[in-house]
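Hi everyone, thanks for coming. I'd like to walk you through one chain today, so have a look at the picture before I start talking.

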Amino acid sequence: MPVKTLPAALATTAAVLLAVTACTTTTVSTDDPSGAATTPESSPTAEGQPDNECVDGIAYMQFTDETTELSLPDGCGTVFVLGDGGTADLGPVGDLGVMGNGSTIRVESVGRLDLTGNDNTIEHGGDAPEILGEEAENGTGNSVVAR
């Protein structure tokens, strides 16, 4: 059975993000004899990775009720598209994971594709991507077409 590296990478990334966001610190004041804790200041690492941006070669594109059209024209090494019923226009992508339903993703080029959502249309430029996973593990009703 082939190894699914994209989902493994997603699981690892999610675990790291959870570990980072779950970490909080409490500072005990040495000036206050009661030893009362002070509230820590917010830091960018505690907030996790922002949606719809390529950070360190990874982008999480998130469709919401308010955001149904997304764009990442410069592409990214690994892109995960989450949510339902949106349209995403992407530059070149190494690995693309689609985990929502009923979306259209137009990508300049893509090396590998992991489709766990249903009824999505992937329109790609360049060579046809390698589709990861066994057919039974992938979503249903997905269409992968050259443009």
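Let's begin with a small puzzle: which residue stands opposite Ile122 in β9? The answer is Ile105. Keep that pair in mind, as we'll meet both residues again. And a quick reminder before we go on: what you see is a predicted model.

Okay, the overall layout. The chain holds 2 helices and 11 strands. If you read along the sequence, the order is α-β-β-α-β-β-β-β-β-β-β-β-β. The chain has 147 residues, and 29% of them are buried. Its accessible surface is about 8400 Å², with 51% of that belonging to carbon and sulfur atoms. One more for the overview: take the contacts with a separation of 6 or more, and residues 24 or more positions apart make up 18% of them.

Now back to β9, which covers residues 121-124. Who are its partners? On one side of our story there's β8, residues 104-115, which runs parallel to β9 and is joined to it by 4 bridges. Then there's β11, residues 143-146, also parallel to β9 and joined to it by 4 bridges. Within β11, Ser143 is the bridge partner of Thr121.

So which way do the side chains of β9 point? In a regular strand, side chains alternate between the two faces of the sheet. That's what we see here: Ile122 and His124 point to one face and are buried, while Thr121 and Glu123 point to the other and are not buried.

That brings us to the core. The largest nonpolar core has 19 residues, and both members of our opening pair, Ile105 and Ile122, are among those with the most contacts inside it. Met61, Val79, Leu90 and Leu96 are on that list too. The elements giving two or more residues to this core are β4 (58-62), β5 (69-72), β6 (76-82), β7 and β8. Take Met61 as an example. Leaving out its neighbours within four places in sequence, Met61 is in contact with residues including Leu70, Leu72, Val79, Val81 and Leu90.

Next, charges. Side chains of opposite charge can pair when their charged atoms come close. How many salt bridges turn up in a search of the whole structure? There are 2. One is between Asp89 and Arg106, with N to O at 2.6 Å. Asp89 sits in β7 (residues 87-98) and Arg106 in β8, so to speak two distant parts of the chain, 17 residues apart. The other is between Asp95 and Arg112, and there the closest N and O atoms are 2.6 Å apart. Asp95 is in β7 and Arg112 is in β8, so this pair ties together parts that are 17 residues apart in sequence.

Are these four residues buried or exposed? Asp89 is partly exposed, at 31% relative accessible area, and Arg106 is partly exposed at 27%. In the other pair, Asp95 is buried, at 14%, while Arg112 is partly exposed, at 26%.

Last stop: the loops. Ser103 lies in the loop between β7 and β8, and it is buried, with a relative accessible area of 2%. The Ser103 side chain reaches the backbone nitrogen of Gly85 at 3.2 Å. Apart from neighbours within four places in sequence, Ser103 is in contact with residues including Phe63, Gly85, Asn120 and Thr121.

Asn120 belongs to the loop between β8 and β9. Asn120 counts as buried, at 0% relative accessibility. A polar atom of the Asn120 side chain lies 2.9 Å from the backbone nitrogen of Ser103. Among the contacts of Asn120 beyond four places in sequence are Val98, Gly141 and Ser143.

The loop between β8 and β9 also holds Asn118. Asn118 is partly exposed, at 29% relative accessibility. Here's a nice one to find on the screen: the C-alpha atoms of Asn118 and Asn101 are 4.7 Å apart, although the residues are 17 apart along the chain. A polar atom of the Asn118 side chain also lies 2.7 Å from the backbone nitrogen of Thr140. Beyond four places in sequence, Asn118 touches residues including Gly100, Gly139 and Asn142.

That's my tour, and I'm happy to go back to any part of the picture.

Key
Residues are numbered from 1 along each chain as its sequence is written. This is a predicted model: local features need pLDDT of at least 70, side-chain atom pairs count only at pLDDT 80 or more; totals for chains, interfaces and linings use all residues. Side-chain values use heavy atoms; hydrogens and water are left out. Buried means under 20% relative accessible area, exposed over 50%, partly exposed in between (1.4 Å probe, protein chains only). Two strands pair if DSSP finds at least two bridges between them. A salt bridge is a side-chain nitrogen of Lys or Arg within 4 Å of a carboxyl oxygen of Asp or Glu. A polar contact is a pair of N or O atoms within 3.5 Å; within protein, one must be able to donate a hydrogen and the other to accept it, and residues adjacent in sequence count only if both atoms are side-chain atoms. Contact means heavy atoms within 4.5 Å. A nonpolar core is a set of buried Ala, Val, Leu, Ile, Met, Phe, Trp, Tyr and Cys residues joined through side-chain atoms within 4.5 Å. Accessible areas come from the Shrake-Rupley method with a 1.4 Å probe; for residues, only the protein chains shown count as cover.
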